[in-house]
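Me: I am new to this structure and should be grateful for a close look at one part of it. Please describe how its helices meet one another there, and what follows along the chain.

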Amino acid sequence: MRFLVRRLTLACSLLTAALGAHAQSVEGSTLSKIEKAGKVVIGVRESSAPMAYALGSNSKFVGYHVELCEKVLAQIAPKATIEYLSMTAQNTLPLVQNGTVDLGCGPTTNNLGRQKQVAFALTTYVSEVRMAVRADSPVTSFKQLNGKTVAASAGTTAVQLLRKYGREHNVELPTVLGKDHFESFLMLESGRAEAFVLDDNLLAGVIANSKAPQGYKIVGEVLGSEPIALLFRKDDPSFKQAVDGALRQMMQSGEVAKIYDKWFMQPIPPKGAPLNLPMGDTLKRLLQEPNDKPLEAYAS
């Protein structure tokens, strides 16, 4: 009898522990957190036009990915108040990983290394990493930058791609890192760098909002094509399912294409200059057949 009681006690303890773990898991889900708090924190950028950037002194955040985030949240958490938290390329992953940010809306590349820390939604942009130079620059290839200073933003994949290109082509590419895209562009603008390397869409955004948009051009080989996506905490399948479901619906309805046209083909604030970057064939296919494949799938 005593043995039976022990067995029953142990079974009850295990059941209680299992139920407690399940409750903790549900309690810790992002959707549950948002519902309890009545708010959702989205991570944005200050200088990543047209994807996510700040306007004016009141730091209103706008952009292609910001609008996608707002539309997604209107579907999956319509009662929640949206709070905007400014992030950099360097602190994006930690802030998402530790739950400070519920949904990352900056231009973040989905790759296998980052998937160890965070999860990604369906791809909503495919960028091509190239370089911006002054309009009167004779540079058209990265090989012509041998021994010359190149600017890049800390924490971006452009830094690794530059190093890879240098190794493969035996080219010296001394690289200086700006804390954000504004600082990196300032190095080009002031003559401290011969080129600024970044995703083509972000380069176009920085140039369009510069003091002299006609003074710069985007040139050079494509160092890499990169899938860009919204991101959130790992191991939260219900939140990923909700975000992906909302995005898929917007892709099928044509709403994503309209939002793309608004930010890449039409005049954008603050200067009302259009980027004139038509949607590429890869992204067109992804809107028809969405996936969340990482960078490595594009490189293969």
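Reply: The account below takes three helices in pairs and then follows the chain onward.

The model is predicted: local features are given only where pLDDT is at least 70 and side-chain atom pairs only at pLDDT 80 or more, while totals for chains, interfaces and linings use all residues. Numbering starts from 1 along each chain as its sequence is written, and side-chain values rest on heavy atoms, with hydrogens and water left out.

The helices concerned are α3, residues 64–76, α9, residues 237–253, and α10, residues 255–264. Such elements are DSSP runs numbered from the N terminus (helices H or I, at least four residues; strands E, at least two).

The pair α3 and α9 may be taken to begin with. Their axes come within 9 Å and cross at roughly 110 degrees; an axis is a line fitted to C-alpha atoms, for helices over the stretch in contact, and angles between N-to-C directions run from 0 to 180 degrees. The two helices are therefore roughly perpendicular to each other (65 to 115 degrees; under 35 is roughly parallel, over 145 roughly antiparallel, the rest oblique). The crossing of α3 and α9 is right-handed, the near helix being turned clockwise from the far one by less than a right angle (anticlockwise would be left-handed). From α3, the residues in contact (heavy atoms within 4.5 Å) are Leu68, Lys71, Val72, Gln75 and Ile76. From α9, they are Phe239, Ala242, Val243, Ala246, Leu247, Gln249 and Met250. By class, the residues of this contact are 9 nonpolar, 2 polar and 1 charged (Ala, Val, Leu, Ile, Met, Phe, Trp, Tyr, Cys and Pro are nonpolar; Asp, Glu, Lys and Arg charged; the others, with Gly among them, polar).

The next pair is α9 with α10. Here the axes come within 4 Å and cross at roughly 80 degrees, and α9 and α10 are therefore roughly perpendicular to each other. On the α9 side, Leu247, Met250, Met251 and Ser253 take part; on the α10 side, the partners are Glu255, Val256 and Ile259. This contact holds 5 nonpolar residues, 1 polar residue and 1 charged residue. Leu247 and Met250 of α9 also meet α3, and they meet α10 as well.

The remaining pair is α3 with α10. Their axes come within 9 Å and cross at roughly 150 degrees, which means that α3 is roughly antiparallel to α10. The α3–α10 crossing is right-handed. Tyr64, Glu67, Leu68 and Lys71 are the residues that α3 brings to this contact, and α10 answers with Glu255, Val256, Ile259, Tyr260, Lys262, Trp263 and Phe264. Here 7 residues are nonpolar, none is polar and 4 are charged. On α3, Leu68 and Lys71 take part in this contact as well as in the one with α9. On α10, Glu255, Val256 and Ile259 meet α3 and also meet α9.

The chain beyond α10 leads to a further detail. Which bond joins proline 269 and proline 270? A cis peptide bond joins them, with omega about 5 degrees. Proline 270 lies in the loop between α10 and α11. In general, most peptide bonds are trans.

Helix α11, residues 281–288, brings the account to a pocket. On a 1 Å grid over the protein atoms alone, where a 1.4 Å probe fits, a pocket is an open set of points with protein on both sides within 12 Å along at least five of seven lines, and lining residues have an atom within 4 Å of a point. The largest pocket holds about 270 Å³ of space, its volume being that filled by probe spheres set on points joined across faces, edges and corners. It is lined by 16 residues, and Tyr125, Val126, Glu128, Asp200 and Gly280 are the closest to its centre. The elements giving two or more residues to this lining are β8, residues 125–134, and α11. Strand β8 gives the most, with 4 residues. By class, the lining has 9 nonpolar, 3 polar and 4 charged residues.
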